[in-house]
Amino acid sequence: MKLKKQVTVCGGAIFCVAVFSLYLMLDKLQHDPARRQNSGGNFPRSQISVLQNRIEQLEQLLEENHQIISHIKDSVLELTDTGAVSPSGHLPFRSSNGSWVLPFDGRAAFLSIKPQDCQFAQGPRSSPAELQMLDVYSLLSFDNVDGGVWKQGFEITYDPNEWDDEPLQVFVVPHSHNDPGWVKTFDKYYYDQTQHIFNNMVVKLTEDPRRKFIWSEISFFVKWWENADIHKQEAMRKLILGGQLEMVTGGWVMTDEANSHYFAMIDQLIEGHQWLERTLGVIPRSGWAVDPFGHSATMPYLLKKANITSMLIQRVHYSIKKHFSSTRSLEFMWRQSWAPDSSTDIFCHMMPFYSYDVPHTCGPDPKICCQFDFKRLPGSRVNCPWKVPPRAVVDANVAERAALLLDQYRKKSKLFRTKVLLVPLGDDFRYDKALEWDQQYQNYQRLFDYMNARSEMHVQAQFGTLSDYFNAVYKANDVAPGTRPPDHPVLSGDFFAYADREDHYWSGYYTSRPFYKNLDRVLESHLRGAEILYSLAVAHARHGGMEGRYPTTDYALLTDARRDIGLFQHHDAIAGTAKEVVVIDYGSRMLRALVGLKRVIINAAHFLIMKNKDVYRFYQTEPFLETDDKRPTQDSLPQRTLIELDPNSPRYLVVFNPVEQDRLCLVTALVNTARIRLLTEDGQTLPVQLSAQWSSAVQMSPEVYQASFMARLPALGLALFHLYDSTDSPMTLRSDTLLRLPTHSQTVHGLDPLPLRTVTSDSQPFYIHSQALTLGFSGTTGLLEVRIMRVQFQFVTYGTRPSKDKSGAYLFLPDGKAKPYRQKDQPVVRVVEGPLFSEVVAHYQHFEQTVRIHNVPGVDCLSVDITIMVDIRDQANKELAMRVITDIQSEDTFYTDLNGFQIQPRRYFQKLPLQANFYPMPTMAYIQDGQYRLTLHTAQALGVTSMDSGQLEVILDRRLMQDDNRGLGQGLKDNKRTANRFRLLDCFVSLLLLVARLSHMTSAYLNHEVLALPVLPKKRGVPPLQTFAPLAGTLPCDFHLLNLRSVQNQETQTPSPYTALLLHRRGLDCRLESHNLGFNCTTTHGQLSISSLFRGLDLQLLQPMSLSLMYSSPPLANDSSVSLDPMEISAFKLKLR
């Protein structure tokens, strides 16, 4: 009936247009003075004749329109009689160019971005930073001149009287850097070393209140706390509250900053901060990042939003350090490049020398500084490479020792603008023996006592925490904490790629172990989805008075997953730079987390889709839903769940959309029969594309089929579909499959009812089509080759150097430019065409490329879906790369994202070695000119560059047979068969560093796939189910719901009544060409009403919070709208019932 009304309306509209056109014609003739007779105003006969002819033509056209409408009505009635009614009443059909045309689904979609919401993207920055890192790179020569005792620097001199009026303040900050997994697993490190550090800390810090220490990795601290007795806990609490021990940064780990996604960076920060607040009432104030291999501009923004006032970084290119040292710019305000003012500024300290170990922290001469690392006293297993050992400080030598050390302190202080000096004292896993605590603290205290007692030395030296140092800097400059000190520069940009010496660039780890980088992103999407569904299920259970019946014990699974994902953000985990046994441990933890999250999702979905919640029953051993896929082991690819259809009863499929907008997309399920009929919740039959499941390049799997259908899914919701084994399935359309074979020697057979054709490969290009796209492929290679503008795919390989220094887990040291990938035989190429999707699969020895286009209105149809299945396990010292070549005139400029949060411009510098021009690509990279932008979206972090104008190149996997001498002691030889997933998007451009709405949604679709969850058959039958649509309205176009995270109770591992809502307002590039995205979308000047956001729930509290929920603002009225600036991330505490 709905469709008949639509047809009637359409016919009526045509009639109205025709009549109105006739009216305009007559009106024009009546009022046109040139057409009147001067004598009497009568029409000439010739004009009357012409008018009569035109009226007759209009009558004929109206009759033809009437016949067309009647024909459409008859077709509708015919389809209705067969019981096969699609949303529009049509089957898909082929157009004249060979592309499939889908029936219109009857829902209008619009994109409306208000001009005011584009002003951020188009307006100039009122407070630009003096130091732009891209400009600094352009300025420097990177010549690596020998600087003397400070090899990578220069000679430092000073006037001994400089401190006469203002003594030098020195803060020696003891620390121990504990990697939560590297050459040992997290647990092995804890039991072998870390627990002893804490146990000694409790005793040794208590011995003298002047002793200080800082700690960063909360994951280790929590493990110790949970195993410590009450006396140790109370002693530790006293040290923290008394200021002797400071928790710095306070994240679950010291996160990697190149590969991690900002969702996970925030989540691990929240997990650490929330534990500290619940357990100790402690709020971190300073950030400490001494070991991540390069630093992202995202991290200072997140710390600033968590109300951290100051931060420290260490691993920065040695030439950058030298330049900043020479200009005394090592301390600066770090500002976001997109910020219109100073609101994102955070005070940052960059350590000037090679490392964070003791030889490289007291001053410029490591030979001298090593003499003040008292763990290296003669007799220790650790010595000084410069052959001059430390000496214990005694009365006889204290004057000489103090003078020697003060000279280093003074020289180091000359690199800064304030007469306050920071001297870290520690290294990896230091202070695990009680002896070292005595050696370091006692000898340094003797030195401090001597210095401080002699006014002629003009120094005040003491142990301190990181915040003690920063507070002294602010006090010396007479500014409030976190405020810009006078004359200190403002900087924008990031610090990639990192080099520690010579041309040793740490750009290999951007790709190392891509299997686990991809698994991390899958896990993050599941965590976000589980958090949202769990929070909604608990809130709806409370609203319905069913708190006791919903399994809130699933909260423990959420906590475990948060911590396992947080652990993997460690800079030796997601970086791919740990030993093989440690990687297996990370993988096992991640698989356990994934299984737990799937359980949380299916349990929440079970409750939310129940039509009558009174009949809801939860049984731990009898899940209501199946998971969408399974992974047998931590290093295996997912295996999609097979839905076995029964002729006697329907199967139900629940599809979860983790994206915060309605989603029109393709859903694929595996079924055991070709006789499939698929219905929506309200009984409408949907077209289904039936395709083969392939077990090899030329072999179909028997009795397993892919059933793909177009689904409209509610935002963050659960949609319901019915599947039948039915002989009457006229809406099931089979894919056409063509195998292009190198020779006739291979024998292949199709399986009924799926047809299969074969041809011998030739050099002629071939094409696949959708309504939006036409793709051309090379007949020889089977790779993508032609589009509107030239886009060609190539695969290339890098070797490693023949000299002593070779590529490894960290370093990329290639043996020259890439060489084309070659194999002896031509590939087998499979071409699949159908109404909903078409794809080309090219099978090579070491990779398999699948290029798919979706014939679905909206976001999915506007990009090219690319999956590269890589397997280089038989290679030695080889790196496989994918190169995209276009006609875009991008010159030497390209753009990469930072942590999925923001875009950073890059330049390919010829003055730098090839490996220096690779950058991390967590979610996207693009090139552009004045006409086109081509964006490559990725579902896993990889390394990327642009070697030449119009090119993007991505390293897909690396297999390296040796260590690269950075402490790991292994190569990269544990490669897995890995699926690297991408979306390729091109469109007209605006020359801005912000991303278009289409690009945001493409990335969201790629990184947050729908989950298709089959309902398990029930002996007693399946109770009535319904679609769950949680949002009462649509979120503004530029809002991303980052998380809806249940907050833990103070005492028990159960959910409190509160939920944390994290929102990110994206900055949009509005001048890109708009497309129909398949959903309604508008902007609201950054305003959002939370009280009307969630359907069926009451908002009882709305309270703005800091990003990690440790600082609160006064609650807002429940009916208030919240306001976010472009690019802003904000957190709110909600109470939903």
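Me: Which residues of strand S11 lie on one side and which on the other, and are they buried or exposed?
Reply: In this predicted model, strand S11 covers residues 346-350, and 5 of its 5 residues are buried, so the strand is largely enclosed by the rest of the structure. Both of its faces are covered, with Ile346, Cys348 and Met350 on one side and Phe347 and His349 on the other, and the residues of both sides are all buried.

Me: Which residue of S11 is the bridge partner of Met311, and in which sense do S9 and S11 run, parallel or antiparallel?
Reply: Strand S9, made of residues 310-313, is joined to S11 by 4 bridges, and these two strands run parallel. Within that pairing, the partner that Met311 finds in S11 is Cys348.

Me: Which residue of S11 is the bridge partner of Glu331?
Reply: Strand S10, residues 331-334, is also joined to S11 by 4 bridges, but here the strands run antiparallel. Glu331 has its bridge partner in S11, and that partner is His349.

Me: Is Tyr262 buried or exposed, and what is its relative accessible area?
Reply: Tyr262 has its place in helix H8, which spans residues 262-280. A residue counts as buried when its relative accessible area is under 20%, and Tyr262 is therefore buried, with a value of 2%.

Me: With the side chain of which residue does the side chain of Tyr262 make a polar contact?
Reply: Leaving aside residues up to four places away in sequence, Tyr262 touches Thr298, Asn899, Gly900, Phe901, His1040, Leu1042, His1064 and Ile1129. One of these, Phe901, is 639 residues away in sequence, although the two C-alpha atoms are 6.2 Å apart in space. The polar contact between side chains has a distance of 2.8 Å, and the partner of Tyr262 in it is His1064.

Me: Why are helices H15 and H17 described as roughly parallel or roughly antiparallel, and which of the two words applies?
Reply: Helix H15 (residues 514-543) and helix H17 (residues 580-609) pack with their axes 8 Å apart, at an angle of about 30 degrees. Their crossing is left-handed. Angles under 35 degrees count as roughly parallel, and the two helices are therefore roughly parallel.

Me: Which residue of S30 stands opposite Phe766?
Reply: Strand S29 (residues 766-769) and strand S30 (residues 774-777) pair in the antiparallel sense over 4 bridges, and a hairpin joins S29 to S30 through 4 residues. In this pairing, the residue of S30 that stands opposite Phe766 is Phe777.

Terms used
Residues numbered from 1 in each chain as written. Predicted model: local features only at pLDDT ≥ 70, side-chain atom pairs only at ≥ 80, totals over all residues. Heavy atoms only, no water. Buried < 20%, exposed > 50% of the residue type's maximum accessible area, 1.4 Å probe, protein only. Contact = heavy atoms within 4.5 Å. Polar contact = N/O pair within 3.5 Å; in protein donor to acceptor, adjacent residues only side chain to side chain. Pairing = 2+ DSSP bridges. Axes fitted to C-alpha atoms, helices over the stretch in contact; angles between N-to-C directions. Parallel < 35°, antiparallel > 145°, perpendicular 65-115°, else oblique. Left-handed = near helix turned anticlockwise from the far one by under 90°.
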